[in-house]
Amino acid sequence: MTTTETPPGPRGLPLVGNTHQWARNPCEFRERCAEAYGRVVNYEIIGWDAYMLTDPADVKRVLEDRETFPKHSGGNEQLSEMLGDGLVTSEGALWERQREAIQPAFYVDNIRRYADVMVSRTEDTLARWRDGGTVDLRSEMMRTTLEILVEAMFGDDIDLEARGIYDAVEAMQEPLKPRNQPITFLAPDWAPVPYLRRANRALDHLETQVYDILDERRGSDTDRGDLLAMLLDSDAAMDDEQLRDEMLTFLFAGHETTALALTYVWDLLSRNPEVEARLHGEIAEVVDDRPTVEDVFAFEYTEAVVKEALRLYPPAHEIRREPAEDVVIGGYSIPEGSLLVLPTWVLHRDERFWDDPGEFRPERWIGDREVPRASDAGGERREPRADRPEYAYFPFGGGPRRCIGQQFAMTEAQLVLATTARDWTVEREYDDLDLSAAVTLRPKGEVPVTTRRR
Ligand code: HEM
């Protein structure tokens, strides 16, 4: 094979390429491509020349070299319009400085402080549930994780409802859904697209709220110990615009993913009663009164349940990068400026690395330290298993831009799950989850369940 060869891939249509196949079901499309074409697959979506990598060693190379493989500029542009230059979208020296300034907020000692917030806000949610009542699980989990995030990050005196933050955060997600992406990307600013207008209004609203919170904070001298206090105190001396970008970034990146993970956990538990029974067993054995962060350090099966749900349904179903120069990967040349797709979903279900990949089997994680535990400081340690390559599993990404909230999310998911599962179980009122792979992998509609007190 010569290094100038273009990788194989599915045939597309003139002008639209493979956009129509991708928009219908991105996960299925990528799985079919991986099966049919192998290590590197070339396709075209929304005018982008895309290269999907299905070898974990290639994923590792890309994620661990942020100079050669920065974030994809197209995706970043869409997000930057909303989030400015926060941690998710910035690059280079700015990103480095911000990551260093923000990292301490996620040290284990600080996550310890957030644990009580995680349990208390879950208890608020459960106080609204009725035995035999119906709730939309996805929005219950979204509300819970948003309340946890806002309190841990910005303090305990922010009324989400009164400030309209919940609805605004929801409206901001709309333009990023796959069926909307071609329009979002191509429509000029003045185009009368209703969801774009709503998203813009929501963004204005959030911006006002964020500046309001900043003003209130600057006017008070109480020591709070939350993320915002650390940002305000940090040596990085951020101006208001940078602070706004970081606050919006955390509102955007810090709650939906965990809410989705919890929704998938419950969906999977409701289909696997023997797993749920074993989970209850561990929670009863470990938790005394209310779950604590020490309990999370002691959990083994509860953690395995969360990891396994993140394997089957990774909320970040693909990660995107863009080569800053022409590169050769797997013997194929990939041009500078193309879209590199690292398909979490595909690798998490690859038979080369997983026995019965479609099965929900938390046992496979017992004794496995591939993802650092909530108690590991810093979160940079990985101990891959001998029989599975690193990056066959990467729900939180990897390398320098690995999710800063990984320990926060793993602690939160286990505390919300333990607090809920102690007294409640849910029964599905639907058959199958109909999923849409937007920026995150999310259910298309509501996820109705009957709540039962145990
Ligand atoms: C189950 C829950 C979560 C999942 C699956 C998840 C997934 C990810 C992934 C895959 C990335 C890397 C994206 C890339 O490399 O392009 C990322 C980055 C990030 N995540 Fe998370 N995340 C979760 C929870 C959280 C939470 C709770 C927070 C904040 C409290 C958070 C904040 C961030 C931020 C700020 C970044 C950008 C980091 C950087 O580029 O330096 N995430 N997340």
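**Figure 1. Polar contacts of the ligand in the predicted model.** An oxygen atom of the ligand is 3.2 Å from an N or O atom in the side chain of K71, in a structure that is a predicted model throughout. Two arginines also take part: a polar side-chain atom of R99 lies 2.8 Å from an oxygen atom of the ligand, and for R401 the corresponding distance between a polar side-chain atom and a ligand oxygen is 2.9 Å. Two or more residues of the shell around the ligand come from each of helix 5 (92-102), helix 12 (240-253), helix 13 (256-271), strand 4 (319-321) and helix 18 (406-423).

**Figure 2. The shell around the ligand and the iron atom.** There are 24 residues around the ligand, and those that come nearest are W95, R99, R321, R401 and C403. Sorted by class, this shell holds 15 nonpolar, 5 polar and 4 charged residues. The iron atom of the ligand has C403 as its only protein donor, through the SG atom at 2.3 Å. In the chain, C403 belongs to the loop between helix 17 (344-348) and helix 18.

**Figure 3. The chain as a whole, as a setting for the close-up views.** The secondary structure of the chain comes to 18 helices and 11 strands, and buried residues make up 59% of its 454 residues. Among contacts in the chain with a separation of 6 or more, 74% are accounted for by residues that stand 24 or more positions apart. The chain exposes about 18900 Å², and carbon and sulfur atoms supply 46% of this area.

**Figure 4. H280 and its contacts.** H280 is found in helix 14, which covers residues 273-286. This histidine counts as buried because its relative accessibility is 14%, and buried means under 20%. A polar atom of the H280 side chain lies 3.3 Å from the backbone oxygen of A421. When neighbours within four places in sequence are left aside, H280 is in contact with A421 and R454.

**Figure 5. G399 and E64, brought together from distant parts of the sequence.** G399 lies in the loop between helix 17 and helix 18. With a relative accessible area of 16%, G399 is buried. Although G399 and E64 are 335 residues apart in sequence, their C-alpha atoms are 4.2 Å apart in space.

**Figure 6. Two residues with positive phi between helix 17 and helix 18.** D356, which is not a glycine, has a positive phi near 40°, and its place is in the loop between helix 17 and helix 18. The relative accessible area of D356 is 43%, so this residue is partly exposed, a class that runs from 20% to 50%. Y391 lies in the loop between helix 17 and helix 18, and its phi is positive as well, at about 70°, although Y391 is not a glycine. Y391 is buried, with a relative accessible area of 0%.

**Figure 7. P10 and the residues around it.** P10 lies in the segment before helix 1 (19-24). The relative accessible area of P10 is 15%, and this proline is therefore buried, under the 20% limit. Not counting residues up to four places away in sequence, P10 touches N18, F29, C33, Y37, V41, N42 and Y43. One of these contacts, Y37, stands 27 residues from P10 along the chain, and the C-alpha atoms of the two residues are separated by 8.3 Å.

**Figure 8. M142 in helix 7.** M142 has its place in helix 7, which spans residues 137-154, and M142 is buried, with a relative accessible area of 1%. Leaving aside neighbours within four places in sequence, M142 is in contact with Y166, E170, H255, E256 and A259. Of this group, A259 is 117 residues away from M142 along the chain, while the C-alpha atoms of M142 and A259 are separated by 5.0 Å.

Definitions and conventions:
Residues numbered from 1 in each chain as written. Predicted model: local features only at pLDDT ≥ 70, side-chain atom pairs only at ≥ 80, totals over all residues. Heavy atoms only, no water. Near = heavy atom within 4 Å. Polar contact = N/O pair within 3.5 Å; in protein donor to acceptor, adjacent residues only side chain to side chain. Helix = DSSP H or I, 4+ residues; strand = E, 2+ residues; numbered from the N terminus. Nonpolar A, V, L, I, M, F, W, Y, C, P; charged D, E, K, R; others polar. Donors = N, O, S within 2.8 Å, 3.2 Å for Na, K, Ca; no water. Buried < 20%, exposed > 50% of the residue type's maximum accessible area, 1.4 Å probe, protein only. Contact = heavy atoms within 4.5 Å. Areas by Shrake-Rupley, 256 points an atom, 1.4 Å probe, with all protein chains shown as cover.
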